[in-house]
Amino acid sequence: VKEASLCLGVSQEFSNYLNIIFSLNKWKYLPNIVSNSFLKTPLLPSNLEHFTFLNICLLDKKKRVDLLIKAFARFTGKYRDVILRIGGDGPEREKLEALVKELQIEDRVYFLGMLSRENVLKEMQKANIFVLSSDFETFGVVLVEALALGKPVISTRSGGPESIITPEVGYLVERDDVTQLAETMEKMYLERDAWDSKKIRAYCEKNFSEEAVVQRLSALYKKVIDNDT
């Protein structure tokens, strides 16, 4: 790191953290690239029969899917058309399924298991809102994939999402705050007609497409090379 002319982190929070760890000011933010397969997929209307919140992740403790389930349970009783779909598998799955049963929302929460990349895309296409409830994220590629498909997003302030989400595409909530997450999910449900899928995709393309990120990377490379010559 000391010998490098430039170091890159995939979010501003992660870059700040690395600068502290290494006691250097070399780490700069450059995001991951969203796959063109998501940006080129036609935008489809969201699920009209059921208003769908979607989460896709490894079902381990740091992803805090328990927080999401508890938040969902707080308001879902008011609205008959609201469901939660959870993609992924992992060591916490049995506990999460038991939690759903304990909260008596088995008819509203669906565990999808491991999904192929193609099925991730299909699930996101059908969803109304994507939610990420992690304690820690260096970036959050599922968020930009959802944005690429025109879906508004909600995420905890877990590091990476702070560099992704702006008010024009979704909301950030504090970590480990069931009440705030539940209120934000309900708020987004109630204002569902206010979100413009084309504008959300345009924001994603401008900031996370291959063209946008490579352009920024090329500029950084040029700056380093020019300083060395």
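How are H3 and H4 oriented to each other? In this predicted model, the axes of the two helices H3 and H4 cross at roughly 15 degrees, and because angles under 35 degrees count as roughly parallel, H3 and H4 are roughly parallel to each other. The legends below present the sheet first and then the helices.

**View 1. The open sheet has 6 strands in the order S5-S4-S3-S6-S7-S8.** The pairing in this sheet is parallel. Strands S5 and S8 (170-173) form the edges, each pairing on one side only. From one strand to the next, the twist averages 20 degrees. Helix H3 (residues 65-75) packs on the sheet and touches S3 (51-56), S4, S5, S6 and S7. The direction of H3 makes about 170 degrees with that of S4.

**View 2. Strand S5 pairs with strand S4 and alternates its side chains between two faces.** S4 (residues 82-87) and S5 are joined in the parallel sense over 4 bridges. Ile86 has Phe111 of S5 as its bridge partner. Between these strands the chain passes through helix H4 (residues 93-102), in a β-α-β crossover that is right-handed. In a regular strand, side chains alternate between the two faces of the sheet. Along S5 (residues 109-113), Val109, Phe111 and Gly113 point to one face and are buried. Tyr110 and Leu112 point to the other face and are not buried.

**View 3. Strands S6 and S7 pair in the parallel sense, and Ile129 is found in S6.** S6 (residues 129-132) and S7 (residues 153-156) share 3 bridges. The bridge partner of Phe130 in S7 is Val153. Ile129 has a relative accessible area of 2% and is therefore buried. Leaving aside neighbours within four places in sequence, Ile129 is in contact with Phe51, Thr52, Phe53, Leu54, Pro152, Ile154, Met188 and Tyr189. The C-alpha atoms of Ile129 and Ala146 are separated by 8.3 Å, and the two residues lie 17 residues apart along the chain.

**View 4. Helices H3 and H4 meet in a right-handed crossing.** Their axes come within 10 Å. On the H3 side the contact is made by Val65, Asp66, Ile69 and Lys70, and on the H4 side by Leu96, Leu99 and Val100.

**View 5. Ile69 lies in helix H3 and is buried.** Ile69 counts as buried because its relative accessibility is 0%. Apart from neighbours within four places in sequence, the residues in contact with Ile69 are Leu84, Ile86, Leu96, Leu99, Val100, Leu103, Ile105 and Phe111. Of these, Phe111 is also a residue of S5, where it points to the buried face with Val109 and Gly113. Lys151 follows Ile69 by 82 residues along the chain, and the C-alpha atoms of these two residues are separated by 20 Å.

**View 6. Helices H3 and H7 are oblique to each other.** The axes of H3 and H7 (residues 178-190) come within 8 Å and cross at roughly 55 degrees. H3 passes H7 in a right-handed crossing. From H3, the residues that meet H7 are Leu67, Leu68, Lys70, Ala71, Phe72, Arg74 and Phe75. Their counterparts in H7 are Val178, Thr179, Leu181, Ala182, Met185 and Glu186. Lys70 also takes part in the contact between H3 and H4.

**View 7. Helix H6 is mostly covered.** In H6 (residues 141-148), 7 of its 8 residues are buried. The buried residues are Val142, Leu143, Val144, Glu145, Ala146, Leu147 and Ala148. They pack against helix H2 (36-39), S3, helix H5 (117-126), S6, S7 and helix H8 (197-208). Just after H6, Gly150 takes a positive phi of about 80 degrees.

**View 8. Helices H6 and H8 cross at roughly 130 degrees.** Their axes come within 7 Å, and H6 and H8 are oblique to each other. Val144, Leu147 and Ala148 are the residues of H6 that meet H8. On the H8 side, Ile200, Arg201, Tyr203, Cys204 and Phe208 meet H6.

Methods
Residues numbered from 1 in each chain as written. Predicted model: local features only at pLDDT ≥ 70, side-chain atom pairs only at ≥ 80, totals over all residues. Heavy atoms only, no water. Buried < 20%, exposed > 50% of the residue type's maximum accessible area, 1.4 Å probe, protein only. Pairing = 2+ DSSP bridges. Right-handed = clockwise from strand over helix to strand, strands pointing away. Axes fitted to C-alpha atoms, helices over the stretch in contact; angles between N-to-C directions. Contact = heavy atoms within 4.5 Å. Parallel < 35°, antiparallel > 145°, perpendicular 65-115°, else oblique. Left-handed = near helix turned anticlockwise from the far one by under 90°.
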